[in-house]
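Visitor: I am new to this structure and would like to be shown around. Please put it on the table first.

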Amino acid sequence: MREICPLQINDILEGITLADTTKFIRTVAEALNLENKLVERVIESEEKYVYDYLAQAVGVVNWKRFAVVADASNAVGITRYLANDFSFTSVLVIISEPVFRPEDKEHILRQINDMEYAVLPKVVFTADQYEINQAILNEEKIDLNGGGHYGQRFSMGVTYGI
């Protein structure tokens with residue numbers, strides 16, 4: 001039997017970040033023997049567009065300390081996206097679904113910790129809403145008050161999925 005593509009899906013799909021997308025494009029381009037100069041020109045153009053767009057929002061909230069709460073794949077993707085593309089480092093990542101196998105937990109931790117952080121985020125595995133609330137409330141480093149006008153409180157979040 002002839003091998004169609006030497007790529008393993010786990011080798012190229014790691015997250016939702018611009019850096020991860022660029023790695024994915026380069027890996028696919030190499031597998032398809034695309035001209036490297038053309039691929040790099042397209043990547044450079046698209047990265048410039050995305051970074052110019054993101055630069056408008058980054059200065060507003062980049063000093064905030066926050067938590068990411070999501071199922072395993074979204075928590076990894078969102079944490080990597082915020083760290084790689086916005087230079088935001090979450091102080092707490094909560095995996096809000098049951099993860100039973102130790103090797104799965106280790107894989108999740110490797111993906112979250114495989115970035116350049118000043119301080120690695122604390123990672124909690126719990127599907128219990130009370131424990132999630134307590135983990136957030138007990139984490140002193142999280143900014144629960146946005147410091148907005150007139151002392152108003154706010155929280156920023158992304159709701160993903162159902």
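The questions below go from the whole chain to its helix pair, its cores and one loop residue.

Guide: This is a predicted model, in which local features need pLDDT of at least 70, side-chain atom pairs count only at pLDDT 80 or more, and totals for chains, interfaces and linings use all residues. Residues are numbered from 1 along each chain as its sequence is written, and side-chain values use heavy atoms, with hydrogens and water left out.

Visitor: In what pattern do the helices and strands follow each other along the sequence?
Guide: Helices (H or I, at least four residues) and strands (E, at least two) are DSSP runs, numbered from the N terminus. The chain has six helices and three strands. Read along the sequence, the pattern is α-α-α-β-α-β-α-β-α.

Visitor: Are α4 and α5 roughly parallel or roughly antiparallel?
Guide: The axes, lines fitted to C-alpha atoms over the stretch in contact, have angles from 0 to 180 degrees between N-to-C directions. Those of α4 (residues 72-86) and α5 (residues 102-113) come within 9 Å and cross at roughly 15°. Angles under 35 degrees count as roughly parallel, over 145 as roughly antiparallel, 65 to 115 as roughly perpendicular and the rest as oblique. The two helices α4 and α5 are therefore roughly parallel.

Visitor: Which residues of α5 meet α4?
Guide: Contact means heavy atoms within 4.5 Å. On the α4 side the residues are A72, V76, T79 and R80. Their partners in α5 are I108, Q111 and I112.

Visitor: Which element supplies the largest share of the largest nonpolar core?
Guide: A nonpolar core is a set of buried (under 20% relative accessible area, 1.4 Å probe, protein chains only) Ala, Val, Leu, Ile, Met, Phe, Trp, Tyr and Cys residues joined through side-chain atoms within 4.5 Å. The largest one has 17 residues, and those touching the most other members are V68, A75, L82, V93, I95, I108 and I112. At least two residues each come from β1 (67-70), α4, β2 (92-95) and α5. The largest share, six residues, comes from α4.

Visitor: Does N33 count as buried or exposed?
Guide: N33 lies in the loop between α2 (18-31) and α3 (36-61), and has a positive phi of about 55° although it is not a glycine. Exposed means over 50% relative accessible area, with partly exposed between that and the buried limit. At 69% relative accessibility, N33 counts as exposed.
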